[in-house]
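Colleague: I should like to learn how to read helices, sheets and loops in a model such as this one. May we take the features in turn?

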Amino acid sequence: MQITRSQQQGLTSEQAAAARQQHGWNELPKPDQISPLRILLRQFSSFLVLILMAAGGIAFFLGEVVDTIAIGLVVILNAALGFVQEWRAETALETLRSMLSPQALVIRDGREMRIPARDLVPDDLIVLNPGDRVPADAKTIDAVALRMDESILTGESAPVDKAKSDDLMTGTSVVAGRARARVFATGTHTAFGEIAELTGSLGQKQTHLQKQLGTLATQLGIAAIGVAAAILSIGLVVGRDTVEMLMTALSLSVAMVPEGLPAVVTITLALGAAAMVRQQALTRRLQAIETLGAASVICTDKTGTLTENKMTATEIWTPVAQYTVTGTGYDPSGHITRNGVKARAADDTVLMTLLRTGMVCSHAQLRRDGHEWVMTGDPTEGALLTLGYKGWCDPGAEITDEIPFSSDRKRMSVMADGVIYTKGAPEQVLAICSEIISENGVVALDETRSGEVIRAYEAMAAKGFRVIALANRKNQSSSLVEKNLTFLGLVGIIDPPRPEVVAAVAAAKSAGIRIIMITGDSPVTAKAIASQLNLNVEQAITGDALAALSDEELRTTLSQPILFARTRPADKMRIVAALQADGQVIAMTGDGVNDAPALKQADIGVAMGIRGTDVARDAADLVLLDDNFATIVAAVREGRRQFDNIRKFVRYLLSSNAGEVVAIFANIVIGGPLIFLATQILWMNLVTDGVTAVALGLEKSEPGQMKEPPRPMNSPILGWGGIALIITFGCYTGGAALWVFWQLVPVDVDLARTAAFTAMVIFEKASVFAFRSLRSPCWQIGWLSNRTLIAALFVTIGAQVVAVYWAPLQVLLHTVPLDAAHWIMIALLALPLIIVPELVKTLWRQRPE
């Protein structure tokens with residue numbers, strides 16, 4: 001159907017409804033991750049959980065109801081914890097979306113009306129004013145001094161001039177001027193939507209922790225099945241009872257698999273995620289922060305991520321003096337200083353004239369909203385307005401005539417109170433000046449003085465500043481004519497780094513993490529910001545130069561101190577992929593839709609929660625709720641702490657299980673009765689070890705943790721050192737428990753089993769001190785520094801005492817009371833598990849480096 005329409009009246013309601021039937025709503029499809037069923041099913045994908053479910057099935061088949069219930073509860077607890085955390089993250093993102101209720105000013109039925117942006121259709125006529133966000137891809141049909149902020153798509157911080165018949169992209173913002181535009185694309189057909197689809201085409205990635213835990217689970221599962229099958233076969237061959245051997249095989253397989261591990265990992269990560277929310281970082285998937293702790297490279301956008309995305313006047317040059325300006329953004333509480341002394345317009349005629357010109361030649365507005373200053377209008381004009389207030393200057397003039405800024409003229413002039421005020425590009429302002437201010441008043445602008453201006457301009461531009469020239473003159477007529485003006489000076493403006501980023505960058509570098517800036521902004525500006533952040537950059541590579549590099553050349557280039565400027569979304573993905581191919585663990589930060597594909601491609605994507613687009617947040621693993629780059633460093637520290645603690649309690653749990661396996665296996669070889677029953681093993685693995693391991697996961701970061709380089713990408717959770725540690729502890733605890741058992745077998749089998757069972761629990765509690773740090777002795781980190789662990793030890797040992805003396809648990813766990821002599825024997829055997837590791841680590845720390 002061909003729609004006829006008026007350039008003035010736009011579509012009718014009927015035409016809009018018909019177009020919506022054809023083109024759909026002006027919105028992007030919501031991501032699949034929000035499905036609660038998918039999140040729930042994801043909790044059962046771990047191989048360790050599958051092994052637990054299989055063990056529960058075997059226990060049920062053998063009629064072991066207690067074992068079945070215990071294993072089932074562990075599986076359900078693990079799934080519930082993981083589901084709750086991930087669902088909370090997804091709903092938090094949905095809340096962020098709902099806070100953004102985009103509206104559009106549209107001409108329908110011949111009149112202006114404000115409607116939800118999702119109701120727009122192709123051929124709608126929209127009206128755009130300063131501060132508006134473009135709700136759909138559109139082509140201007142008229143435009144007056146229109147300037148657009150396209151940083152959300154391109155990364156370019158400077159506004160872009162637009163004229164009649166120019167394209168306006170979804171998500172970009174009007175910073176100055178006004179326009180009417182005809183919508184030509186909505187929803188997924190916009191440039192915004194195409195990048196969102198590119199992001200969606202990348203599949204879900206597995207974190208390194210998921211891969212390592214999966215590998216560990218597979219190895220443990222195969223070993224458990226193999227050992228259980230071997231024991232069952234041996235027992236049947238030598239003529240042992242079939243049911244007894246089935247129970248023994250089940251007990252051994254249960255002993256080998258750390259049933260509490262999935263729950264402990266999930267609880268530890270959930271607690272870490274909760275801690276990060278308090279530090280303004282929302283973890284969308286539990287393993288995300290741990291992966292960030294392994295990051296060796298952070299690829300970061302510049303605009304809005306490293307910088308404030310608020311243009312700020314930083315330097316002033318006049319033929320009379322030079323000034324520096326403190327403060328960033330649109331907060332006018334900063335100062336203008338000259339030679340270290342505060343400068344006020346009332347005391348400096350040259351400064352007052354320059355500041356007044358910048359304030360009058362402007363349509364920007366500045367207002368206070370609570371504790372924040374909000375600027376409406378062109379960012380450059382906002383920076384000059386803020387600069388004037390910092391110098392205590394009052395514009396106090398009403399514009400009576402204007403020649404607006406255009407991309408051809410590159411300057412703007414207004415007339416107010418009989419004075420012409422002009423600002424613009426230095427070469428364009430110089431072209432209409434015949435005089436220049438000096439220490440001796442106004443003098444002729446000759447070639448020498450013009451050369452001084454040009455050299456000052458070039459020096460400021462080399463620092464990455466956007467340089468604005470200012471001029472004025474008293475007008476002798478009623479018309480505004482741009483000629484014979486007096487040149488006043490230059491103002492250097494830049495989008496400054498966030499105040500906290502300098503320290504965050506230094507902390508990341510101290511931790512051995514490389515930072516690579518990838519921006520759509522100009523190379524000169526990018527290098528200037530890199531210099532202010534103390535980033536080591538020798539070369540800026542543009543998107544065009546990047547496209548000319550082969551993959552091998554790109555990998556070689558990436559080994560050098562560089563940054564990337566004028567990049568496109570596909571460039572960011574290619575850079576991330578090249579770094580990953582070189583074995584690096586990549587974190588990518590960003591906020592714009594142009595960042596989303598790289599956020600998805602990276603090992604961990606970090607999106608900004610306030611300024612970030614829905615597409616960026618949906619693609620990210622971690623969302624910074626305060627848009628604070630420094631929060632990333634806190635997340636890296638938390639990630640390293642989490643991985644260290646996961647290694648600690650994995651080794652602790654496996655050492656405990658190894659002791660049980662050694663005792664069971666050796667006892668079978670000897671030919672004695674069952675040393676542990678399946679219910680007793682589950683009690684040790686789930687109740688006592690599980691609680692202790694969770695407390696172990698709360699150990700604080702060790703000193704110097706952020707001074708060490710990132711761990712290698714293939715760094716295992718265990719490693720050969722960990723395996724040796726597990727075998728050592730397993731042999732001692734298993735052998736000691738077996739010795740206790742055989743000391744009492746002649747007296748009573750139930751008593752012997754109870755003593756061995758209790759001994760193993762006490763041994764496992766004593767050995768936890770050895771795993772609190774893999775490097776430092778407890779006397780150095782503080783015996784009582786982890787109060788949660790001390791409480792857990794009291795609780796679990798108390799639970800074991802109850803299990804030995806309380807009748808209901810005696811029936812459930814087949815225990816009998818122990819006397820004082822038994823407890824003393826167990827305590828003496830437990831002492832070496834505390835003393836020996838402390839001595840070894842103390843001696844190790846005193847060795848020569």
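Modeller: Let us begin with a helix and its surroundings, bearing in mind that this is a predicted model. The buried residues of α24 pack against α22 (630–670), α25 (749–767) and α29 (820–845).

Colleague: Which residues of α24 are buried?

Modeller: A general idea helps first. An α-helix has 3.6 residues a turn, so residues three or four places apart point the same way. In α24 the buried residues include Gly722, Ile726, Phe729, Gly730, Thr733, Ala737, Val740, Phe741 and Leu744. Helix α24 covers residues 719–744, 26 in number, and its first and last C-alpha atoms are 38 Å apart, close to the 38 Å expected at 1.5 Å a residue.

Colleague: How many residues does helix α14 have, and what span should they give?

Modeller: Helix α14 (residues 447–462) has 16 residues, which should span 22 Å at 1.5 Å a residue; the end C-alpha atoms are 22 Å apart, in agreement. Its buried residues are Gly451, Val453, Ala456 and Met460. Among the elements that cover them are the strands β10 (312–317), β19 (433–438), β21 (466–474) and β22 (485–494), together with helix α13 (426–430).

Colleague: What caps the N-terminal end of α14, and what follows the helix?

Modeller: The cap is Asp446, with a side-chain oxygen 3.3 Å from the backbone nitrogen of Thr448. After the helix comes Gly464, whose phi is positive, near 95 degrees.

Colleague: Turning to sheets, what is the order of the strands in the open sheet of six strands?

Modeller: In general, strands of a sheet pair through backbone hydrogen bonds, either parallel or antiparallel. Here the order is β8-β28-β27-β26-β9-β23, and the pairing is mixed. At the edges stand β8 (281–283) and β23, each of which pairs on one side only. On average, neighbouring strands of this sheet are turned by 20 degrees against each other, direction ignored.

Colleague: In which sense do β26 and β27 pair?

Modeller: Strands β26 (residues 586–590) and β27 (residues 604–608) pair in the parallel sense, over four bridges. Ala587 stands opposite Ile604 of β27.

Colleague: Finally, a loop residue: is Thr519 buried or exposed?

Modeller: Thr519 has a relative accessibility of 0%, and therefore counts as buried. Thr519 is found in the loop between β23 (514–517) and α16 (523–532). Its side chain reaches the backbone nitrogen of Asp521 at 3.0 Å.

Terms used:
Residues numbered from 1 in each chain as written. Predicted model: local features only at pLDDT ≥ 70, side-chain atom pairs only at ≥ 80, totals over all residues. Heavy atoms only, no water. Helix = DSSP H or I, 4+ residues; strand = E, 2+ residues; numbered from the N terminus. Expected span 1.5 Å × (residues − 1). Buried < 20%, exposed > 50% of the residue type's maximum accessible area, 1.4 Å probe, protein only. Contact = heavy atoms within 4.5 Å. Polar contact = N/O pair within 3.5 Å; in protein donor to acceptor, adjacent residues only side chain to side chain. Pairing = 2+ DSSP bridges. Axes fitted to C-alpha atoms, helices over the stretch in contact; angles between N-to-C directions.
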